[in-house]
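Trainee: I should like a close account of one part of this model, with the terms defined as they arise.

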Amino acid sequence: MSEAHGASPSARLATAYDATAIGDGLARAFEHDPLYAWLLPEAAARVARLTTLLRTFARHIFVPEGLSYTFDAGEGAALWVPPGAPSVRLGGALLSAPGVLSALGGRIVPGGRVLAALEAAHPKEPHYYLAILGVDPAHQGKGLSRRLLAPVLARADAERRLAYLETAKESNLALYRRFGFEVTGEISALDAPMLWQMARAPAVPQ
């Protein structure tokens, strides 16, 4: 995902009404992501299954945390988890179970194992967790990632908190480095693609 300067919309806090548009845009953004391609190997059905999965995640897991940002037209989204919270709360897991099962089918067990491996690898100190960042391919290259990330990164700086993420795409490393993230480790789980762990220390006040 490349960044460029130009006129772009302003990111705003997502609400429950945005969950459908968020899921739709993220599904297109992650169609060729190595982890999701491994999780949903049937290419012809991947976007449809990802749409169900990511709508479910947005609606029941991430948007209720109050830290997800998007745009009015749904061009992209950043879905965060606050410090000290599990990646998936029990209530969210229960509400999302039908959608996740519908999307993953027989892949739900390996998907759950990878999720557990990711959770176990998180930093021990409380941190802001960037669970998902994606921009619809039709809107990439417009600087939207910067706008999506800015509100929570500013909050992390103000609170002197770490920010953390994982990515399965090596091409994303340069993007995240531009926002202050650095590679801190690698995660290998089952036969899934390797993921890079990246963390961002709070910016030093000028």
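Which residue in β4 does L79 stand opposite?

Mentor: L79 stands opposite I132 in β4. The model is predicted, with pLDDT of at least 70 needed for local features and 80 or more for side-chain atom pairs, while totals for chains, interfaces and linings use all residues. Residues are numbered from 1 along each chain as its sequence is written, and side-chain values use heavy atoms, leaving out hydrogens and water.

I shall begin with the strand that carries L79. Strand β3 covers residues 76–81 (strands are DSSP runs of E with at least two residues, helices runs of H or I with at least four, numbered from the N terminus). Six of the six residues in β3 are buried (under 20% relative accessible area, with a 1.4 Å probe and protein chains only). In a regular strand, side chains alternate between the two faces of the sheet. In β3, A77, L79 and V81 point one way, whereas G76, A78 and W80 point the other way. The pairing of β3 with β4 is antiparallel and has six bridges (strands pair if DSSP finds at least two bridges between them). Among the partners, G76 is bridged to V135 of β4.

On its other pairing, β3 meets β2 in the antiparallel sense through two bridges, with Y69 of β2 bridged to A78 of β3. These two strands form a hairpin with five residues between them, and in the turn G74 has a positive phi of about 70°.

Strand β4, where I132 lies, is mostly covered: nine of its nine residues are buried. Besides its pairing with β3, β4 runs parallel to β5, joined by four bridges, and Y129 has Y164 in β5 as a bridge partner. Between these two strands the chain passes through helix α6, residues 144–159, in a right-handed β-α-β crossover. Right-handed here means that, with the strands pointing away from the viewer, the path from the first strand over the helix to the second runs clockwise.

The wider sheet is open and has seven strands in the order β1-β2-β3-β4-β5-β7-β6, with mixed pairing. The edges are held by β1 (12–13) and β6 (182–187), each with a single partner strand, so one side of each has no neighbour in the sheet. For β6, antiparallel pairing with β7 (residues 195–200) comprises five bridges, including that between G185 and Q197.

Helix α1 (residues 19–29) also meets this region. Its buried residues are A19, I22, G23, D24, G25, L26 and A27, and the buried residues of α1 pack against α3, β2, β3 and β4 (contact means heavy atoms within 4.5 Å).

I132 also has a place in the largest pocket: together with L35, Y36, F57 and A131, I132 lies nearest the centre of that pocket, which has 42 lining residues. A pocket is an open set of points on a 1 Å grid over the protein atoms alone, with protein on both sides within 12 Å along at least five of seven lines; lining residues have an atom within 4 Å of a point. Elements that give two or more residues to this lining include α2, α3, α4 and β5, and β4 supplies the largest share, seven residues.

Technical notes. On a 1 Å grid over the protein atoms alone, a cavity is a set of points where a 1.4 Å probe fits but cannot get out, and a pocket is an open set with protein on both sides within 12 Å along at least five of seven lines; lining residues have an atom within 4 Å of a point. Buried means under 20% relative accessible area, exposed over 50%, partly exposed in between (1.4 Å probe, protein chains only).
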